[in-house]
Amino acid sequence: AAPVVAAVVSLLNDERVAAGKSTLGFLNPLIYSALDAGLSLFQDITAGHNPGCGSSGFNAQAGWDPVTGAGTPDFGRLLDYVLSLP
């Protein structure tokens, strides 16, 4: 998943630079402020779990969770959002 997310961020940065804006930089503030604001920039994964190492692991649930984090990126929504930023 990390290479795919890196590619998405690279494409978002390309679009920002083409629009005369700076690259996104450190992403955690952008991701978590969007989650706190209730923006649907990621597809929330709410079913599944990651058992292993003799434990039941973590369950996916609504919102952020240790299994899927913020969810899978929605490129179209992310693009619109990051282009709206200064």
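The face of helix α1 turned away from its buried side carries the exposed residues P3, V4 and A18. That is a good place to start reading this predicted model, since the other side of α1 tells the opposite story. The buried residues of α1 are V8, V9, L12, N13 and R16. Viewed down the axis of α1, these buried residues fall within an arc of 135 degrees, so they line one face of the helix. Here is a handy rule to keep in mind: an α-helix has 3.6 residues a turn, so residues three or four places apart point the same way.

**More about helix α1**

Helix α1 spans residues 2-18, which makes 17 residues. From its first C-alpha to its last it reaches 24 Å, close to the 24 Å expected at 1.5 Å a residue. What do the buried residues of α1 pack against? They pack against β2 (72-73) and α3 (75-84). Just after the helix, G20 takes a positive phi of about 80 degrees.

One residue of α1 invites a second look. N13 has a relative accessibility of 17%, and because buried means under 20%, N13 counts as buried. Setting aside its neighbours within four places in sequence, N13 is in contact with T23 and L24.

**The chain as a whole**

Now step back and look at the full protein chain. How many helices and strands does its secondary structure come to? There are three helices and two strands, and from the N terminus on they run in the order α-α-β-β-α. The C-alpha atoms fill a box of roughly 50 × 25 × 20 Å, taken along the principal axes. Of the 86 residues in the chain, 22% are buried. Among contacts with a separation of 6 or more, 53% are between residues 24 or more positions apart.

**Helix α2**

Helix α2 covers residues 28-36. Its buried residues are L30, I31 and A34. Seen down the axis of α2, they fall within an arc of 95 degrees, so these buried residues line one face of the helix. What covers them includes β1 and α3. Just after α2, G38 takes a positive phi of about 75 degrees.

A34 is one of those buried residues, with a relative accessibility of 1%. Apart from its neighbours within four places in sequence, A34 is in contact with L39 and L41. How far is A34 from A19 in space? The two are 15 residues apart in sequence, and their C-alpha atoms are 21 Å apart.

**Helix α3 and its residue L78**

L78 sits in helix α3 and counts as buried at 4% relative accessibility. Leaving aside its neighbours within four places in sequence, L78 is in contact with V8, L12, L41, F42 and P73. Two of these partners, V8 and L12, are listed with the buried residues of α1. You can also try a distance check in the viewer: L78 and Q43 are 35 residues apart along the chain, and their C-alpha atoms are separated by 11 Å.

Here are the relative accessibilities of some residues side by side.

| Residue | Relative accessibility | Class |
|---|---|---|
| A34 | 1% | buried |
| L78 | 4% | buried |
| N13 | 17% | buried |
| D74 | 29% | partly exposed |
| R77 | 45% | partly exposed |

**Charged residues**

The structure holds one salt bridge. R77 forms a salt bridge with D74, and the closest N and O atoms are 3.8 Å apart. Both residues appear in the table: R77 is partly exposed at 45%, and D74 is partly exposed at 29%.

D65 offers a contrast worth exploring. This residue lies in the loop between β1 (42-43) and β2. Is D65 buried or exposed? D65 is buried, yet it has no salt bridge. The nearest side chain of opposite charge is that of R77, 16 Å away. A salt bridge needs a side-chain nitrogen within 4 Å of a carboxyl oxygen.

What, then, surrounds D65? Leaving aside its neighbours within four places in sequence, D65 is in contact with I45, N59 and A60. In addition, a polar atom of the D65 side chain lies 3.1 Å from the backbone nitrogen of Q61.

Terms used
Residues numbered from 1 in each chain as written. Predicted model: local features only at pLDDT ≥ 70, side-chain atom pairs only at ≥ 80, totals over all residues. Heavy atoms only, no water. Helix = DSSP H or I, 4+ residues; strand = E, 2+ residues; numbered from the N terminus. Expected span 1.5 Å × (residues − 1). Buried < 20%, exposed > 50% of the residue type's maximum accessible area, 1.4 Å probe, protein only. Arc of directions from axis to C-beta. Contact = heavy atoms within 4.5 Å. Lys, Arg positive; Asp, Glu negative; His and termini not counted. Polar contact = N/O pair within 3.5 Å; in protein donor to acceptor, adjacent residues only side chain to side chain.
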